[in-house]
Every structure is written in C-alpha cells, then in structure tokens.
Amino acid sequence: GTRLTEEEKEQTQKKFVEENEPLLKQYGMLQKYDDSKRFLLEHPHLACEYTANYLVLWCIRLEMDEKHDLMCHVAHQCICIQYVLELGKQLEVDPRSCISSFFTRIQMADQVYKDAFEDELKGFKERVQLRAREKLEEAVKEIEEEERQERLGPGGLDPVEVFESLPESLQKCFESRDLDMLKEVIATMPEEEARYHMKRCVDSGLWVPDAKNAEVAPQEGQEASSEASGAE
C-alpha cells in the first residue's frame, strides 16, 4: 500500500476528527464493555489509528486541565481501541473484524489477560501524566520567554538578569533609586568594572542615562539633583 507522508497523515487525522468528533466523544464516555462493543459495531470505521490518536491527545488535555478522573475514564476506552488494533495486526486482518472478538475476550478472559490489560492501562496513564507535565512546563517556558523578550532593554539585555548579576552594593542603589549612593559606589569600583556594569545597566534599560545631566560637570550635576530633591 502507499505510505502516507507525515503531512498527509496529519490532514487525514484532522479530517477524520472533523467528521467524527461527536462519535469519538461519545465512545470516550462509555463505560461498560457491552456498550463499547455495541457502539463500535454500529460505527466500525472508528476501529482505527485515528481514533486512538484522538483519544491519546484528549487524555493529555484532560490531565493538563487537572481532570484526572475523566482522563482515567477516557484512557480505558483508548486502550480498548489499541487492543482491537493490536489484535488486527496479530491476526493480519482488518481491525474492524476484531471488535467483537476483543470485547468477548476481555469479558470472558482469564486473570492473566485481564492483568495484562490493566498493566497496559496503568502504563498508559503514567505516560499521559508525564506528557501533560512536560507540555505544561513547555507552556510556562514559552510564556516566560515571551515576557523576557518584552522586557529586553535597548541593547537587547534582560534587566532582571542584569540586576541579578550586579554586585550587591549596586543592587541596593537601584532598589532604593538613590542616585548619590550610585555615584559613590561607582567611584569606589575599579573603572573597568564600573564601566562594564553601567554599560549592561544601560543596555538592559535598568539605567536610562539623562542626556542633559551627562553634559553637566559633576559638581553642578550634584547641585542640580539636590535642588530637585529640595523642590519636592
């Protein structure tokens, strides 16, 4: 047969879901083996990979939404479909012709078969929980990265990261917004180091140099700032 490309598979999956979503949801909500069997025999086209894929993704979404009990419920229905598909593979027949035999077997089966089914289900639920956690972490990382991008200063540096990298004495100046203290601290630092930190402060937007003050001689600058604070 022809092998579908990933893209074609995705398109087929999407189309299948669009055409069958109400049925897929209905099947996912069933509980009793007899009901599932009857439902799948009425809609045998659901015995396929696309149904299994849909149910897996639904389980992950439910777990991400903290609807754990519902996830466990749908997970059970998902493993039933996977067993039907597996049986089809083993017998080399169309899985649609395995619907009856699987449900009869799981109901009549010995403990070994039932235990294997339960193990499969347990493993599946653990994988779903793991994937849901990963996806939530990815989502948080994306949001954090977006926030970081929005924060970046004119030189493309992150003010939070720059602030955390400053010596404690400089951090205090920025926290208290004390300009005089900042000048004193800078004066006590080796020039190279002071220049390095101040450039990073400017590039991250932590420090916005005032063009007017920059041209003023230091003494006048200090007078200007003390006048300003006196005027408040």
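A salt bridge is a side-chain nitrogen of Lys or Arg within 4 Å of a carboxyl oxygen of Asp or Glu. Side chains of opposite charge can pair when their charged atoms come close. With that definition in hand, a search of the whole structure, which is a predicted model, finds 15 salt bridges. A few of them are described below, after a look at how two of the helices meet.

Helix H1 spans residues 6-29, and helix H2 spans residues 33-42. The axes of H1 and H2 come within 9 Å and cross at roughly 160 degrees. Because angles over 145 degrees count as roughly antiparallel, H1 is roughly antiparallel to H2. The crossing in which H1 passes H2 is left-handed. On the H1 side, the residues that take part in the contact are Leu23, Gln26 and Tyr27. From H2, they are met by Ser36, Phe39 and Leu40. Sorted by character, the residues of this contact comprise 4 nonpolar and 2 polar ones, with no charged residue.

Charged residues do come into play elsewhere, in the salt bridges. One of these joins the side chains of Arg96 and Asp94, with a distance of 2.7 Å from N to O. Both partners can be placed relative to the surface: Arg96 is partly exposed, with a relative accessible area of 44%, and Asp94 is also partly exposed, at 34%.

A second salt bridge pairs the side chains of Glu126 and Lys122, at 3.5 Å from N to O. These two residues lie in helix H6, which covers residues 111-151. Glu126 and Lys122 are 4 residues apart in this helix, so about one helical turn separates them. Glu126 counts as partly exposed, at 45% relative accessibility, whereas Lys122 counts as exposed, at 52%. The cut-off explains the two labels, because exposed means over 50% relative accessible area.

A third salt bridge links Arg151 with Asp158, and here the closest N and O atoms are 2.6 Å apart. How buried or exposed are the two partners? Arg151 is partly exposed, with a relative accessible area of 33%, while Asp158 is buried, at 3% relative accessibility. Arg151 and Asp158 also belong to a network of salt bridges, in which they are linked with Glu145, Arg148 and Glu161.

Note on methods: Residues are numbered from 1 along each chain as its sequence is written. This is a predicted model: local features need pLDDT of at least 70, side-chain atom pairs count only at pLDDT 80 or more; totals for chains, interfaces and linings use all residues. Side-chain values use heavy atoms; hydrogens and water are left out. Axes are lines fitted to C-alpha atoms, for helices over the stretch in contact, and angles run from 0 to 180 degrees between N-to-C directions. Angles under 35 degrees count as roughly parallel, over 145 as roughly antiparallel, 65 to 115 as roughly perpendicular and the rest as oblique. A crossing is left-handed if the near helix is turned anticlockwise from the far one by less than a right angle, and right-handed if clockwise. Contact means heavy atoms within 4.5 Å. Ala, Val, Leu, Ile, Met, Phe, Trp, Tyr, Cys and Pro count as nonpolar, Asp, Glu, Lys and Arg as charged, and the others, Gly among them, as polar. Buried means under 20% relative accessible area, exposed over 50%, partly exposed in between (1.4 Å probe, protein chains only).
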